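Here are two exercises on ligand surroundings, with solutions worked step by step. Grab your viewer and follow along.

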Amino acid sequence: MNQNSINHKNILVTGGAGYVGSHACVELLQSGFNVVVVDNLCNSKTESLSRVQHITGRPLTFYQHDIRDKSALADIFAKEAISTVMHFAGLKAVGESCEKPALYYDNNVYGTLALTEAMADANVKKLVFSSSATVYGASDCRQYSEDLPLGAINPYGRSKVMIEAVLRDLSAADTINQHKSPWKIALLRYFNPIGAHESGQIGEDPDGIPNNLLPYISQVAIGKLAQLSVFGNDYPTPDGTGIRDYIHVVDLVKGHIKAINALEGEAFKSGGCKAYNLGTGQGYSVLEMINAFETVTGQRINYKIAPRRTGDLAECFANPALALKELGWKAEKNLDDMVADTWNWQTKNPQGYIQ
Ligand code: NAD
Ligand code: UFG
């Protein structure tokens, strides 16, 4: 495919049927982009994509393929005149990654290699990648800036560190090879995405018992789970419970649109690969999250104090200054919005997506 056949409005969204990806599809369609999704549905259902089209009143194109299937990807690039890829497809359960590390490296790292190979073959070299604050590992810092050394502490996190390294190396090779169309890559390090689209039609639909705090709290509130365990109240934080930087998923995906625009601009004119934190810069403790949930929803959350969860940090929140400076992005929504939208999604879809 040559550059003439690329349509700058055509975005390939890997993992677009998932939690963050489906919200990104809404934002892309509402911003005038055309969306092509590739997803193998290993952790999602096509119902999310039907709802994306319902919310936006716009169609998207869906391919059910695994991103490790290079020939399927080549066919998509040959057909769809893609300009940029937003890469969400990946496995994300920390516990499962410790049990099945090879699966995580194969799906996440090899999957990204297959994707970037297909992209290079099609001369599509703009990429927005879903990285994670987990790449900072067990640092002593409370607030994380992009220039901190990386060092994840579980196979999931290491898969993100490895992918970031691969993408940085691809970009660095352009300088040596003097490529005419260099890689332009934004590594977006998410803090803790929560919340849902304000319509309550799309949201997070965890398979089985949730690992993450907000989905767990909402399932206790709706009566699906009996009691929340608060993992540790003896951390060196004001109330002893863990502090995280929760970010509304709609704010998060708006950061992706800003990143796409930045890749087209001056800052990436000669190519490059840069990391950006996407967080609010504000941390909340587990007890503060429970309180906020009780206040906004009027539901009482049954909880008990339990031992610390292995591998958890006391406190972790973003320095989001670089994303503001270079992408012109900052989170707009507050904790009440995040909790209210989570609850709206949960009450409208008590069983998640039913198909
Ligand atoms: P999700 O599981 O809801 O979405 C991922 C999607 O990718 C799913 O639809 C799944 O079916 C698809 N997928 C997985 N492997 C695939 C493959 N090999 N080929 C094709 N499709 C595949 O997860 P999410 O919460 O939307 O996360 C999206 C991305 O953001 C992931 O890469 C995740 O690691 C990253 N991330 C998420 C969080 C979070 O807390 N949600 C935090 C930091 C980073
Ligand atoms: N927590 C509980 N009880 C629960 C679940 C969580 O007390 O049932 C606590 C945790 O100990 C932590 C806080 O709530 O203090 C947040 O925990 P989450 O599991 O929601 O989020 P984490 O920060 O531990 O991890 C998440 C993703 C990781 C990702 C990381 C950074 O799950 O995949 O954010 O992006 F790497």
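A polar contact here is a pair of N or O atoms within 3.5 Å. Keep in mind that the model is predicted.

**Exercise 1.** Find polar contacts of ligand 2, then describe the shell around ligand 2.

*Solution.*
1. Start with the neighbours: 22 residues surround ligand 2, and the closest are Asn212, Ser229, Arg244, Arg309 and Asp312.
2. Go for the side chains. Asn212 puts an N or O atom of its side chain 2.7 Å from an oxygen atom of ligand 2, and a polar side-chain atom of Asn192 sits 2.9 Å from a ligand 2 oxygen.
3. Now the backbone: Leu213 has a backbone N or O atom 2.8 Å from an oxygen atom of ligand 2.
4. Check the burial: ligand 2 alone exposes 680 Å², and the protein buries 88% of that.
5. Sort the shell: eleven nonpolar, seven polar and four charged residues. Strand β9 (residues 228–231) supplies the largest share, four residues.

**Exercise 2.** Work out which residues and elements surround ligand 1.

*Solution.*
1. Ligand 1 has 27 residues around it, with Asp39, Asn43, Ser44, Lys92 and Tyr156 nearest.
2. Asp39 brings a side-chain N or O atom to 2.6 Å from an oxygen atom of ligand 1. Polar backbone atoms of Tyr19 and Val20 each lie 2.8 Å from a ligand 1 oxygen.
3. On its own, ligand 1 has 820 Å² of accessible area, and the protein covers 95% of it.
4. Elements giving two or more residues to this shell are α1 (19–30), β5 (126–132) and α6 (155–177); β5 gives the most, three.
5. By type, the ligand 1 shell holds eleven nonpolar, eleven polar and five charged residues.

Conventions:
Residues numbered from 1 in each chain as written. Chains lettered and ligands numbered in written order. Predicted model: local features only at pLDDT ≥ 70, side-chain atom pairs only at ≥ 80, totals over all residues. Heavy atoms only, no water. Near = heavy atom within 4 Å. Polar contact = N/O pair within 3.5 Å; in protein donor to acceptor, adjacent residues only side chain to side chain. Areas by Shrake-Rupley, 256 points an atom, 1.4 Å probe, with all protein chains shown as cover. Nonpolar A, V, L, I, M, F, W, Y, C, P; charged D, E, K, R; others polar.
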